[in-house]
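I'm keeping this page for things I look up in the model, one stop at a time. Sequence and structure go in here, then my notes.

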Amino acid sequence: MQLSAEHLHWTHGDWTRLFDELERLRISRIVIQWVVSDGTSFYASMPDATRPALLEILDAAEAIPLQVLVGLVFDSSYWDRIAASPDSTAAYLADREARSIRVVDELLPIVELYRCFKGWYLCEEIDDTNWREPAASAILHSYLHRISDYLKLVSPGVLIAISGFANGRTAPAELQQLWDGVLRAAPGINVLIFQDGIGAHKLTLANLPLYLAAVLAATKSTRCALWSVIELFEQTAAIPPDTGAFHAVPAPFSRVIDQLKIESAFASELIAFTVPDYMLSQSNPAAEILLDAYLQYIDTGGGSRSRPR
């Protein structure tokens, strides 16, 4: 779930309706992608805002019950900053580390009160192009080692997850090597959430199994769990070389069911991106079609092994 400015003004009734739908869909886990976005906090009380979104989510999840992973700090300049020189990238990640630690220290007294809290999600998405050079990968490894070690120290026994994707411009063997290096450098990370890239046109249904096999091999060699993200959207704008604003529509269920079948063969859990945006948007007829198709699918016993979390 991606929190945005609109969630600052959601009422308790809004959150109740969302979680009623998640329960109807038999969702069992929610990954909050971030609790701070470019300086906006979704866990601290703010003037003229309703109750913090994080507290509403945790309360609702506790009642169902539904497991929650809490993301940390999102920075919209991330992709530009990591494309800079190694020294600049190292300084940027050091600043991110300090900000994330401050947020974790503030979150701990909150999340520790909830049984539904199951771990942390690191917001830095790792792709297969920005970290290929030895200097860049060394900076990334050091940063992830430090931040994951801190999370493990202050909240032992919970999950620490990170996500990544492939642009389809590197061979699966290179992707395996990249993730093997990352996970060995930061052994505190115990869940890799791999984005399938189907909706974003980065991978195809034909080559997705090759890339999933590669990351599965990396996770097995490092005793890390592999979860797979099923993209519920079809990107229609900002597809390279287009540099305009991102735009996407709900995917057809005929494609989603192919994703379910492929990814359930590799991943221990499936994560839908995102149910609120592309399946529960009441003003979008395509979302309603996707919702109805998926409800029929699970109600008839389809994909009992492959229901998204």
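**Small sheet.** I started with Ser 37 and looked for its bridge partner in S3, which turned out to be Thr 40. I keep in mind that this is a predicted model. Strand S2 covers residues 36-37, and 2 bridges join it to S3 in an antiparallel run. I then followed the sheet outwards: it is open, has 3 strands in the order S3-S2-S5, and its pairing is mixed. Strand S3 (40-41) and strand S5 (73-74) are the edge strands, since each pairs on one side only.

**Strand S7.** Is S7 mostly buried or left open? I found that 5 of the 6 residues of S7 (residues 159-164) are buried, so the strand is largely enclosed by the rest of the structure.

Next I checked who pairs with S7. Strand S6 (residues 117-126) runs parallel to S7, and 5 bridges join the two. One pair I looked up is Trp 120 with its bridge partner Ile 160 in S7. To get from S6 to S7, the chain goes through helix H5 (residues 134-154), and this β-α-β crossover is right-handed.

S7 also pairs with strand S8 (residues 191-195), in the parallel sense and over 4 bridges. Here I noted Ala 161, whose bridge partner in S8 is Val 191. I traced the chain again and got a right-handed β-α-β unit made of S7, helix H6 (residues 172-185) and S8.

A reminder to myself for looking at strands: in a regular strand the side chains alternate between the two faces of the sheet.

**Cysteines.** How many disulfides are there in the whole structure? My search came back with 0. Why does Cys 116 not bond with Cys 123? The sulfur of Cys 123 is the closest cysteine sulfur to that of Cys 116, but it is 18 Å away, which is too far for a bond, as a disulfide needs the two sulfurs within 2.5 Å. I did the same for Cys 123: its closest cysteine sulfur sits in Cys 224, 17 Å away, so that is too far as well. Cys 116 is buried, with a relative accessible area of 5%. Cys 123 is buried too, at 12%.

**Thr 274.** Last stop for today. Thr 274 sits in the loop between strand S12 (269-273) and helix H9 (275-278). I expected nothing in particular, and found Thr 274 buried, with a relative accessible area of 2%. Its side chain makes a polar contact with the side chain of Asp 277, at 2.6 Å. Setting aside neighbours within four places in sequence, I found Thr 274 in contact with Leu 232 and Met 279.

How values were computed:
Residues numbered from 1 in each chain as written. Predicted model: local features only at pLDDT ≥ 70, side-chain atom pairs only at ≥ 80, totals over all residues. Heavy atoms only, no water. Buried < 20%, exposed > 50% of the residue type's maximum accessible area, 1.4 Å probe, protein only. Polar contact = N/O pair within 3.5 Å; in protein donor to acceptor, adjacent residues only side chain to side chain. Contact = heavy atoms within 4.5 Å. Pairing = 2+ DSSP bridges. Right-handed = clockwise from strand over helix to strand, strands pointing away.
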